Each structure stands twice: as C-alpha cells, then as structure tokens.
Amino acid sequence: MDWSWERIPAEYLVTGVKLARGGKISARKGFLHVKKGRIEAIGVGQPAAEGLPALAAEGMVLAPGFVDLHVHFREPGQEEKETVATGSRAAAAGGYTAVVTMPNTDPAIDNAGMVRYVLDRGRESGLCRVLPTGAISVGRQGETMAEMGAMVEAGAVAFTDDGSPVASGKLMANALKYARVLGVPIMSHAEDLSLTGGGCMHGGYWSTRLGLTGMPRAGEDAAVFRDIELARATGAHLHVCHVSTKGAVEVIRRAKADGVRVTAEATPHHFSQDHSRCRGYSPLFKMSPPLREPDDVAAIADGLADGTIDCIATDHAPHTATEKELQFDQAPFGVIGLETAFAVANTYLVEAGKMDLGQLVQCLGERPAEVLGLPLGKLEEGAEADFVLLDPAREWTVTEARLRSRSRNSSFLGETLRGRVLATFLRGRLTWREEDPSLG
Ligand SMILES: [Zn+2]
C-alpha cells in the first residue's frame, strides 16, 4: 500500500481493492471514491474521476466499517480499565467505526444527562461512533423503570440492564411495551440468577473436575425463552445478547420462524473456545455467559451461518491485570475483544468453512446496523465513508504489546490467527493503520 500521504485529502480514491458488498467479495478489482467524508462513487474497473490522489491498496478487501452492538467502556467510574477514548482507539484498531456502549458504569447510564455524557466523550475522541444504551431500571437495580423516553430523546439507541439480567418478568414486559412505542430494541442479558448465581464457569464436566461452581445452560435457555415469550406477547423488538447455548439458538430459531421480532448476537469467544480452556484456572477464560461445551460452540457458528444469530458482537469487557490475577472464582467476568474479533471470526468461521468472507463482513457491519435500524454497514454512493481495508490471509499472533485497549485481558493471548485489519476510515478519515513492518 502507498502510505505516502501526510494527511488524508478531502477527496481521494482507493484503488485496486476487492469490494465487499451484498454478501459477496468482488473477484474483479475496483475502487472507492471519497469526497468530503462521503462515498462519491464505488465500483469495479477503473474510476471515472481522473487526477485525484489515490491510495493503491492492491488486492486488499475493502469492506464497510464494523459495528459492535456490545461494548463496555467503563466510563464513568472505572477509568483505570478503559475510557470512551481508549475503547474507541481499540475499536478503530479492530476495524470498528461504530460501537454500542453498555450502561453498567458507575453511576449507571440511567438518565438523559448520562446518555449525553457518553455521547460527548465519544465525540471528543472522534475515533469511532459511540452509541449509548440506557439502563432499563434506575441504577440497574431491577425495580423501577428508568426514564426511557427522555433517554431516547437524548440519543440512547436501545435499553438493557446488561451486566445483570432483569429478574422481574413484569418489569421486562413493561420495558418491552415502552420500547415498542419508542421504536427501540430491548437488549437482554438473559440469565436466571436463581440457577447460575455463585457460579464462575459453565456447569459441566470441567466445573466438576476443577471443583468450581457451575452455571448450567438452563439458566440461559430459560431466560431467553421467557424474554422471547414476552416479545411475542408485546410485539416489541427483543435483542438477545451474547447467545452461548445450543438451546438458546434453537429457541431463537423457532421464534424467528413464528415471526416474533427477535434478533441476536454472539461473541467470537463463544464460537471458538469451549469450557476445557478453564482447566488451567486462568481467569482470562472467565466470562458471563461462560465458555460452554463443543456442541454449543458448533451451534453458535451454525446459528450465525444460517442467520438465526444476526451478528457478531464482542462484549468487550476490560479489567485490570490485578483483578485478572485473582483466583478464578474471585476474578471478575469478562474479556476484551474489539481488536481480535475479525481475526478470530475469519479463522474460526471462514477458514473453518462455516461461511465465506462476504457473509462474515455482513455479520460484522451490515447486520448489526440493521438490528438498530442505522444507515451504516453498507458501501453505497452517498453514504458516509466508514470503511476498512482487510488482509484475510495475513497471520499474526495476539500479544499484550499489540493491544491498544487500556486492558489486556484477552482470551486469545499467544494464539496465532489469520486475518488482519490494515486500516480503518471513519467519515473518510483514517482512524487506524497497521504500522508493524513485519505485517505491512
Ligand atoms: Zn451481558
């Protein structure tokens, strides 16, 4: 690639690229023409415009910028783990141009002022579109409904008590009714705490072997079933977060066939790693929902491939090294994921033959944008120029030194993956570029 530009000009071409559009990667090389942050023209063959500065990205795949429906940026309250600015930097390095932040900060994002606070931090960093969710209940306490209407007016894109489930079915039903009127989805962290409470990993062979308290699949299956039935009854849009069990995939598949307004996401770790990873007691493999059994891992991949699960979301959950050095049962749940998502998905879904690259980039961009009804994730003339340059064949090893997030708690440390984000552009502006010469 020719990276001789000091600054990205207001109008330019990217040439020699394979375009990812409509679930396909073009075999013929094409171009993208960017003007003042928007896509002026796009197509295969030679551009009509002449004499413009051109970025020669010979043979690279040019795809829409990725959209992550599920990140924890920890601001306000736990800035030692991540801030909106450091999280946005990690997002750009992972190919993301838009992220949806979870409201389980301290204090929680449960009113219009807090929604505006997150939006302002996002605008200041300028590396990624930061789209906040609001809490369903005041303080995420699961008792009183938060002021959802005021939060939507302030810019909240969805509601969730994520980090915790909504234990009360009555509160969930009411939240769904309000959300339907407001035209936004409810995102469900589906977990029955009466079944999973006190657990620290999947309940099965390995939890028994390791002497750790298990979180049974039924805790997720039953909660997903309840929320889907409430969505069916209210006609509201339910989005199921981080699906991890084969049972949940089956319930969602059936509900979609019935016409229930349900969408779903799955994380890269849930379609690539299973509970045997916990055998060394490393808290880097402790997350909620937990790593499950091999047949769950396969069911998640199949669900993504057949569209039962709409999209990939990272559940990027930064924690300090000190916390992740605690004993397994004491350490907090969660792993970071923004910077490894594309490579993990490319390695475990595309290279493994579950789907092709065209489908994968849809799961990372177009489909999550559709879940929220946002005009993002597509390469079209007139659209804002959010795009990534990818090398799907490039191998790299995940190391702490490589990660841009403020935290380093990745479950893929030491793993060699295939697929690299070489550059990310937001509204035509460069927000990330791979500078490692061994990768360049
Ligand atoms: Zn969650």
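This is a selection-by-selection walk through the structure above, from its strands to its salt bridges and odd backbone spots.

You are looking at a predicted model, where local features need pLDDT of at least 70, side-chain atom pairs count only at pLDDT 80 or more, and totals for chains, interfaces and linings use all residues. Residues are numbered from 1 along each chain as its sequence is written, and side-chain values use heavy atoms, with hydrogens and water left out.

**Stop 1: strand 17**

Select residues 416-426, which make up strand 17. Helices (H or I, at least four residues) and strands (E, at least two) are DSSP runs, numbered from the N terminus. Nine of the 11 residues here are buried, so strand 17 is largely enclosed by the rest of the structure. Buried means under 20% relative accessible area, exposed means over 50%, and partly exposed is in between (1.4 Å probe, protein chains only).

Now add residues 387-397, which is strand 16; strands 16 and 17 pair in the antiparallel sense over eight bridges. (Two strands pair if DSSP finds at least two bridges between them.) To see one of the bridges, pick F387 and its partner in strand 17, F425.

Next, bring in strand 18, residues 429-433, which runs antiparallel to strand 17 and is joined to it by four bridges. Here L426 stands opposite R429. Strands 17 and 18 form a hairpin with two residues between them, and R427 in the turn has a positive phi of about 50°.

While you have these strands up, show R418 and E395, which form a salt bridge with closest N and O atoms 3.6 Å apart. A salt bridge is a side-chain nitrogen of Lys or Arg within 4 Å of a carboxyl oxygen of Asp or Glu. R418 lies in strand 17 and E395 in strand 16, so the pair ties together parts that are 23 residues apart in sequence. R418 is partly exposed at 29% relative accessibility, and E395 is partly exposed too, at 47%.

**Stop 2: the loop between strands 16 and 17**

Go to R406, in the loop between strand 16 and strand 17. R406 has 40% relative accessibility and counts as partly exposed. Then select R89, R404 and R408 along with R406: the four gather in a patch of positive charge on the surface.

**Stop 3: strand 14**

Select residues 262-266. Five of the five residues of strand 14 are buried, so this strand is also largely enclosed by the rest of the structure. Which residues point which way from strand 14? V262, A264 and A266 point one way, T263 and E265 the other, and all are buried. In a regular strand the side chains alternate between the two faces of the sheet.

Extend the selection to residues 238-240, strand 13, which runs parallel to strand 14 and is joined to it by three bridges. L238 stands opposite V262.

**Stop 4: more salt bridges**

How many salt bridges does the structure hold? The count is 24. Select D386 and R129, whose closest N and O atoms are 2.7 Å apart in their salt bridge. This pair links distant parts of the chain: D386 sits in the loop between helix 12 (357-372) and strand 16, R129 in strand 9 (residues 129-132), and they are 257 residues apart. Both D386 and R129 are buried.

Move on to D306 and R253, a salt bridge with closest N and O atoms 2.9 Å apart. D306 is in the loop between helix 9 (294-305) and strand 15 (311-312), while R253 is in helix 8 (residues 246-258), 53 residues apart. D306 is partly exposed at 46% relative accessible area, as is R253 at 28%.

**Stop 5: backbone oddities**

Start with the cis peptide bonds. One runs from D106 to P107, with omega near 5°, and P107 lies in the loop between strand 8 (96-101) and helix 2. Another joins S288 and P289, with omega about 0°; P289 lies in the loop between strand 14 and helix 9.

Then check phi. K36 is not a glycine, yet has a positive phi of about 50°. Look for K36 in the loop between strand 3 (30-35) and strand 4 (38-44); at 70% relative accessibility, K36 counts as exposed. D315, also not a glycine, has a positive phi of about 55°. Is D315 buried or exposed? D315 is buried, with a relative accessible area of 10%, and its place is in the loop between strand 15 and helix 10 (321-324).

Notes:
Patch = residues over 30% accessible without salt bridge, like charges linked within 9 Å, V, L, I, M, F, W, Y side chains within 5 Å. Areas by Shrake-Rupley, 256 points an atom, 1.4 Å probe, with all protein chains shown as cover. Lys, Arg positive; Asp, Glu negative; His and termini not counted. Charge placed at Lys NZ, Arg CZ, Asp CG, Glu CD.
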